[in-house]
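Here are some exercises to work through with the model open beside you. Try each task before reading its solution.

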Amino acid sequence: MEFLGIGVLSWITFLPIIGMVLILFIPKEKQNVMKWTAAAATFLQLVLAVMIFFHFNKGSLGINTQEGMQLVEKASWIDIRGVPWFGRIHVDYFLGIDGLSVPMVILTALISFIAVFASWNIPKALKGYMAMLLLLDTGMMGVFVSLDFFLFYVFWEVMLLPMYFLIGIWGGPRREYAAIKFFLYTLLGSVLILLAMIALYFSVTVPDGATGERMYTFNMLAMMNPANFQPGTLLAGVGTYWRHLAYIALFIGFAIKVPIFPFHTWLPDAHVEAPTAISVILAGVLLKMGTYGLLRISYPMFPELANYYSWALALVAVINIIYGALCAMAQQDFKKLIAYSSISHMGIVLLGMAALNTQGMMGAVLQMFNHGTITAMLFLIVGVIYDRAHTRDLDAFGGLAITMPKYTGIMTVAFFAALGLPGLSGFISEAFSFLGAFQTFRVLTIVATLGIVLTAAYMLWTLQRVFLGQPNEKWASLPDINGRELFTLVPLAVVVLALGIYPSLLLDLMTSSLNHLVEVVRSGAVL
Amino acid sequence: MMLVVYIVSAFVHLFSIGYMHGDVRYGRYFAFLGVFTFSMLGIVVTNNFFMMYVAWELVGLSSYLLIGHWFERQSASDAAKKAFIVNRIGDVGMFIGILILYTTFHTFTFETIFESMKAGVIPFGSEAWLTAAGILVFCGAIGKSAQFPLHVWLPDAMEGPTPVSALIHAATMVAAGVYLIARTFPMMTADALMVIAIIGAITAFIAATIAIAQNDIKKVLAYSTISQLGYMVMGLGVGAFTAGFFHLTTHAMFKAGLFLGSGSVIHAMHHALHHSGDRKTDAQDIRNMGGLKSKMPLTFWTFVMFTLAISGVPFTSGFLSKDEILAGTLAYANLTGRWYIPVIGFFVAGLTAFYMFRVVILTFLGDHKDNHRYDAIHESPKTMTIPLIVFAILSFFAFFSLNPFSATSGWVYSALPRPESVVPASVAAAGIEEFETSVHHSHLLAMVLSLSVAGIGILMAFVTYYWKKIDADVVAAKTGPLYRFLLNKWKFDELYGATVVAGTVGIAKLARWFDNRIVDGIVNGVGSWTKGLTLGTKRNWVENSISAIFYMIVTAGISLYVGWVVGFGLLPAEASLGAIVGYVILGIAVSGFTFFLFYVGVGGFDNSIVDGLVNATAYFAGFLGLLTRRLQTGKVQTYLAFAILGVMILFLWFR
């Protein structure tokens, strides 16, 4: 698929940048034009995502073969010859998707589109806000489509800066603290990833097509082939000390993003301070990058260590699930509660991944998508009430079901989806993750199921405190949810319901790739 | 089972049209009712565990929505939440059971699982796991069928509209648990069945004792339901498969009838109270009723019919099914020697007859309590009485067996034979034939015993509440603590509130504290230490606080450690005394330097030392300049003297 001679993945990645440039040229007063430009850019992106969804070939494997990748675009980007010590630096502009990335691409497009509408009433500096939002969008999309580690890292970092400003300028009262914490914490992770990336670069060589001389490469697919590791280099061999170190560095880098206990404390602060749309993006897409990175990079490049450390991953997964749920239960702030519930739900993704079998892996990737949509709904819901009442204290409300019935209706869908009710999407991915995990880790999975009860408890408790009971006099005049807000919530609710009833819509896209990924990891040497 | 769901649901819908008339959320109520019926049917028609679990949870959802129908009331929303969460605890057990089965058999289908089990495949090759899987699946039933120890949600669930109580909490939803046991019966080992029987017996006993002391008509019925469910579960547990399931069917009919009957009474009471402008009197308290017989004849006679059925009086459906269960318990005791099961069974049968007749007498017989209110009471509309009449007719024996004294010849028994067990013979319960023979032997004994306990129960009820030979209040007063214990439902709510609920909330608060103080404290600590390294801890020392002391200790510790490492690290293995002293001094110096570095910070260090050295150099140069300037006197003699001095020095140097 190409438009104007440029591949669809480039379009979907850089459309927001085009929107951003346009917005920068729009005069300050014309706020509506800016909003609609942003909406148009993200809408086109969503249209492309839908086209990709229908165009996608469900049978191809992807993961470690270039033939299995789809919509591939590859061009030489940076090529410097004659550099002292190591000769030649070569970076490709290499994009492509497979069954692992396609759900994330669709999710990113969907969430970004909705985020624009959720930002409709930004009070100050709209131009800067929309520009940053679109830049962020490009960064996120780029991470999911790039197959060159260097390019991946560039996009990974591109995302960081707009996020810092979006929280730091348009956030709540403690925005500066939250923004700095988010930035520094994530940067720490990035540095670890950078180190691992450089170590990988100096270990992997591929023959140059033209001359046949072996040259270092950032190509991720090349890094997944053990034969490409040059003997005697840092990361050559199996289960060496340096490989352990690189794996752990990568793991911590991604763990900060997920976030995995104990690297999670930036998340509640960032969420609480960020404006609604940014929380939606943060929870909806950014957290997925951590688990995506683990699956795309750590697993296939270090299969023996993925096997070796799988129990540790399962352990932190269980901690995430239980600990996140417990912390959520004790919160007074609605948004913080949802933030902790994210930690708990991301634990399910980790548990599914750790299982290293097809059910678990499918559960994990599906849960990544489902958590994206469900948590986005939850944050939008908090945003609706915060816009009206300017408080998020759970005990300040009560009886909203009577005064705001439509709002309560859509909220119920989101809450029950989050607590894993069958018929809504969260259940399928949870069940798959547990089914997979139980085959590998019996006791840990049984402990993790405790999370199911805890989640039900805090979700229903919240629901009761905010929505049930006698209406609070103070909020009797709150208007019910309006058309724009419904427009942001209903599409997500439809997706949640559709995937709850017929998950194959998405599962079919990823089955072959994830099966292959499991094979790749399982066939890696066992320590 | 499908028949039960359909019949009861249809009539509940019909009944609700009258009962819910004028409700604020009339439309929503019927929508939820529809969801409920859908999910119940889902449980019944599915052939695999996964869909069963899906429908199972959806039933939980619809009951949550229906119980919380009047969510403005705190008690209603509490009850709904409690029902969902308590059920979920059971469901998680069931889910783990399903996980075990799936991991072993890689399928969810009942038939396939049972077939492989018959072929000798058992979970993880261990019989203990098989038993565990059985008990875990049974956990789902404990939740849904309100068995001990998860029975606490059911009485509270009476906060929902009465037709919902009839539908969910008497006939269908709670029966789902029994259905589940019946479905999975073939995979239950003897040990699993024993657990089931014991849980059933405990439930039946506890609930019956609580029912005696309750005054709210719906509460009595709720506990009676729990008790009867315990009966069914016990029946299945002892191996009386058909009897247990049969009781489910008959009970569904007469208990739905009882609930709808009570709904009719409450509806009338509400109406009358509303009429007389009385807002204080509880419309559901049987102490406020009495003598309603003549005012509501249809409700009364149907109610009596249901009561006879639940008490196990001959010619009713309840007699048939109850009798079979009791015979089954006797047979079980015969085979296994666990005599406590039938003892509890018969005792509960007596209690049931007693408390049900207590309700009938207090509600319909005797004197009315308030003339004004009494006059305003009317029979309920036809949409409410027709379901009652239908259920009453269905409570006759003839619909289930033509022989009023034995159900075994009826259609239920031929339609529902006990399935073959598929578990390995070494852990299986007594076989069908062995069990049937034993049942046959104890049948007559069971019938005589059950008739006599039911008779005694009914007689006691009349003696106490109708003829008032025994004063119930006096009995209550004399057995004070016991009575209050029963009235307060064995204090289960208090116990769970103090342990499970408070414990969880407490741990949650602890987790929050840990997260804020420790985990995030470390993160912020790293931040402020990095900052401190640049700015120095000097600032923190001024505040006279704990953190200042903390800073001091940590800085001192780090400094000493650095000094130690440097001093002793460099110390050669065989050093002279002087060298040792030298290295010690070096260590102390390094340690002092580190401490100083922390104290003033890298920034401070840069300011005071590095920059200080630079400044000092400049200062020194300036000082030299000042000194030498003095020499520039401008006199030739002075310069000459200096030149001679220089030559002399050179001469001395190169001498």
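**Exercise 1.** Find which residues in α13(A) meet which residues in α14(A).

*Solution.* Take contact to mean C-beta atoms, placed from the backbone, within 7 Å. On the α13(A) side you should then list F334(A), K335(A), I338(A), S342(A), H345(A), M346(A), I348(A), V349(A), G352(A) and M353(A). Their partners in α14(A) are G360(A), M361(A), G363(A), A364(A), Q367(A), M368(A), H371(A), T375(A), L378(A), F379(A) and V382(A). Next, sort the residues of this contact: 12 are nonpolar, eight polar and one charged. Here Ala, Val, Leu, Ile, Met, Phe, Trp, Tyr, Cys and Pro count as nonpolar, Asp, Glu, Lys and Arg as charged, and the others, Gly among them, as polar.

A word on the ground rules: this is a predicted model, in which local features need pLDDT of at least 70 and side-chain atom pairs count only at pLDDT 80 or more, while totals for chains, interfaces and linings use all residues. Residues are numbered from 1 along each chain as its sequence is written, and chains are lettered from A and ligands numbered from 1 in the order in which they are written.

**Exercise 2.** Work out how α13(A) and α14(A) are oriented.

*Solution.* Helices are DSSP runs (H or I, at least four residues), numbered from the N terminus; these two span residues 334-354 and 358-389 of chain A. Fit axes to C-alpha atoms over the stretch in contact, and take the angle, from 0 to 180 degrees, between N-to-C directions. The axes come within 8 Å and cross at roughly 170°. That makes α13(A) roughly antiparallel to α14(A) (the term covers angles over 145 degrees).

**Exercise 3.** Now describe how α3(A) and α19(A) pack.

*Solution.* Helix α3 (residues 102-118) and helix α19 (residues 483-501), both of chain A, have axes 9 Å apart at an angle of about 165°. So α3(A) is roughly antiparallel to α19(A). I114(A), F117(A) and A118(A) of α3(A) make the contact with R484(A), F487(A), T488(A), P491(A) and L492(A) of α19(A). By class, the contact residues are six nonpolar, one polar and one charged.

**Exercise 4.** How many residues does each chain give to the contact between chains A and B?

*Solution.* Chain A gives 32 residues and chain B 30 residues. On the chain A side, α12 (310-329), α15 (400-403), α17 (425-440) and α18 (442-467) each supply at least two residues. The largest share, 10 residues, comes from α18(A). Classifying the chain A side gives 22 nonpolar, 10 polar and no charged residues.

Methods. Angles under 35 degrees count as roughly parallel, over 145 as roughly antiparallel, 65 to 115 as roughly perpendicular and the rest as oblique. Two residues are in contact if their C-beta atoms, placed from the backbone, lie within 7 Å.
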